[in-house]
Amino acid sequence: MQQLRANGAKNTTVKRIEDAVLKAEEKLKAKLNTPMDPGITFEMTGMDYLVVDELHDYKNLATDTNIESAAIEGSQRAQKLHMVVEYLRDKHNGRAITGATATPIANSITEAYVMQRYLRPDLLEAAGIGNFDDWAATFGKTKTQLEMSVDGNSWALKTRFAGFRNIQELQRMFHVAADVKLPEDLNLPVPKLARRPGDGARAPEIISVPATEAQIDYVQHLGQRAQRVKSRQVDPREDNMLSISSDGRAAALDLRLLLSRHVDPDDGLFDTETGAVIDDPEQYGLKIGAAADWMHQKWAESKDHVYLDRSGEPHPRRGGLVSAFCDLGTPSENWNAYDAIKQRLVAHHGVDPDLIAYIHDAKNDRAKARLFAQAKDGTIQFLLGSTSKMGVGTNVQARMVAMLHVDCPWRPADIEQRDGRGVRQGNQNAEIAIARVVTEGTFDARMWATQARKATFINQFMKGNLDVREVDDIGDAALSANEALAIASGNPLVLEKAELDVEVTKLDRLRRALQRSQSMLQVRIREAEGTIPRLEEAIVDFTAAIAKRQPTRGDSFTATIGGRWLDNRVEAGDLLAARLRKLLEDPRSVWKDFEDNNIGKLGGFTLNACNIPTGRDEKVAVKFAEIGDQHHVSLDRATLDKGGAAVMIRLENGLEGLDKRLEFATNQLATERDELARATARLGKPFEHTERLVALKARQKEINTELLGTHKEADGQPDGGGDGEAATEPSLNDLAMHDAAAMVNMAGGAAMVIGPAGPMVITRDTGRGPRQR
């Protein structure tokens, strides 16, 4: 702690570490004070190596860091494994563990750090990475911004991950310990994805259902909430983007899920005329019905399929298994999606309710094993569950003919775990149908697109074929305010514009960074071209001086000071100090130059002297004339007043240091030449994303023009030229007017645009849309 304070650590950082140490001590005391049954300890088992399946279950390893959003308090399970691994590693010279998992990186690249701590901490140590902050400084990009404190009464600077850099080096380090085998590498006997209707591609089928009027109204309400969050008009404890994203997911499933949580007269779930809750069940959402209908269709297609029992004989009970994953609206006393799907299957399609089961019905391992056995022998032919309860460890694939994602999970690893329940060895079907139900115009499509982007990045990272240096953070689960506003607009162009704006901004930032880099390269080249000749000259001078140098150590000492030959260091030092002090007698010596040349000789070199005008301190420099200005010894007033042997020893040390100066100059010359060659090679390098940036900006201009044209048509304005002339490019004022009108149309109130003609106020009259006045 004292070292942290001495190094300037923040008080909050020290306090957090002190609290962590205190908590750890208390935990150890509690464990030591707990009565222990006599038995065999881990050390007594003789185990010398661990093989751990589902290693991702241990990723919550305690991680202390100054980046609060990345700190992990840690689970007992992960902490125990880490202690055992470290014990075995110390005892058996580094060999300790082999881990197996299908999802080593579930949501964020920071999880690679935990895996490296388990598997190859020696690589981290060799790279100079002793803790997570070192890892973040090497591979992470952080951003610090003002955020409201928990109490809502103050603002504080918070540092969070914004992205990652040095990705290729991180990949190489990670793949030293990771033997990655993807499905295409293993070629396992698993069922193929069934061809989806329409394009016939072997890919998940997208079941798109339209949003109801009530859902559209509620999504617009979410857009208004996002606007308030974006403009910081609401306390983060009351509303934030994560809460809006969660409500958006629930609304995309069924609005009754929100009614079971809360009822707010302003949340858009009410009839605007009567104030009563909407009575028409269809208005709450069509996804449940579409999900049940698709499940019944796949079940009906497979109900006569014959499957083999464990002995390899045909089982008397026919029919495949259809499973559905839904993390929202799990079984409860209130309205829930599971009961709604079951009710539709029974009431609309005549399915025997005994064929339908929930994974939540199995309260313990014995009940779960019985449920799995019933799914394998056909007693159960519809199985509904959540990712957490029906993901890892669920082996019911024997008859699984179809799988349905009713909602989109937060993490791409959850999608992989869901699909892995059916696309696995032991499934007797040659093909398996997988579908995703998406409600149009809601947060559904954006959630699935986000997960696809995350999954693509993680897949490329695991393959080790990422060719970029930096990437944005993919771990954030919440949608941004701009994304929520774009979805709420109901116009796909607005969402595309939001995505384009982000990518154009990113590429523009990269282009500007390249331009700055090119400018710095030019400066570096000029510096190197000026430094190299000076170093070459210094090397010649140092080499000649070393050859000329005469020994002065020990009894070999001789010096000439002021024309007087001396062989006594003390006497020579006093005489030289007295001569040098004269340079400091004039009060102007702290700012004006004074010289005294040829004051003596030492080691074969002529001594020249001058004061060093620092403006404050009194110092002189003794130079060796034959070496030039490349080498000198500085002496302060205190040393000169003391005089004696110390003065001469300082000069002798200066002569002895010529060898190190020559070595340093030689190494620096090699470095400068190498950097000059690299800088010259990189100078003039074009921006590699120029074509994409031009194309994106062109598309951005098209969208802006189209959005502006749509707005003008809605106001009855001409769209640019009945005379056949090309429409003029929208001005900045036009775009500002459009954005203001869109904001007023969505959030109400008024907006002011200050343009060339002066200020203009845009308001909204009921039923008329935005108006100018």
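This report describes the enclosed cavities in a predicted model.

## Cavity count

The model holds 2 cavities of 30 Å³ or more. Each is taken in turn below.

## The largest cavity

The largest cavity has a volume of about 50 Å³. Its lining includes Met-115, Gln-116, Leu-119, Arg-120 and Leu-123. Met-173, Phe-174, Ala-177 and Ala-178 also line the largest cavity.

Two helices feature in this wall. α5 spans 111–119 and α8 spans 167–177. Each of them supplies at least two residues of the lining. By class, the lining of the largest cavity has 7 nonpolar residues, 1 polar and 1 charged. Gln-116 is the polar one and Arg-120 the charged one.

## The second largest cavity

The second largest cavity contains about 40 Å³ of space. Arg-249, Ala-252, Leu-253, Lys-287 and Leu-328 are among its lining residues. Asp-407, Cys-408, Asp-444 and Met-447 line the second largest cavity too.

Two elements give two or more residues to this lining: α11 (241–253) and α18 (443–463). α11 gives the most, with 3 residues. By class, the lining of the second largest cavity has 5 nonpolar residues, no polar ones and 4 charged ones. The charged residues are Arg-249, Lys-287, Asp-407 and Asp-444.

## Side by side

The volumes are about 50 Å³ for the largest cavity and about 40 Å³ for the second largest. The lining of the largest cavity has 1 charged residue, while that of the second largest has 4.

How values were computed
Residues are numbered from 1 along each chain as its sequence is written. This is a predicted model: local features need pLDDT of at least 70, side-chain atom pairs count only at pLDDT 80 or more; totals for chains, interfaces and linings use all residues. Side-chain values use heavy atoms; hydrogens and water are left out. On a 1 Å grid over the protein atoms alone, a cavity is a set of points where a 1.4 Å probe fits but cannot get out, and a pocket is an open set with protein on both sides within 12 Å along at least five of seven lines; lining residues have an atom within 4 Å of a point. Grid points are joined across faces, edges and corners, and a volume is the space filled by probe spheres set on the points. Helices (H or I, at least four residues) and strands (E, at least two) are DSSP runs, numbered from the N terminus.
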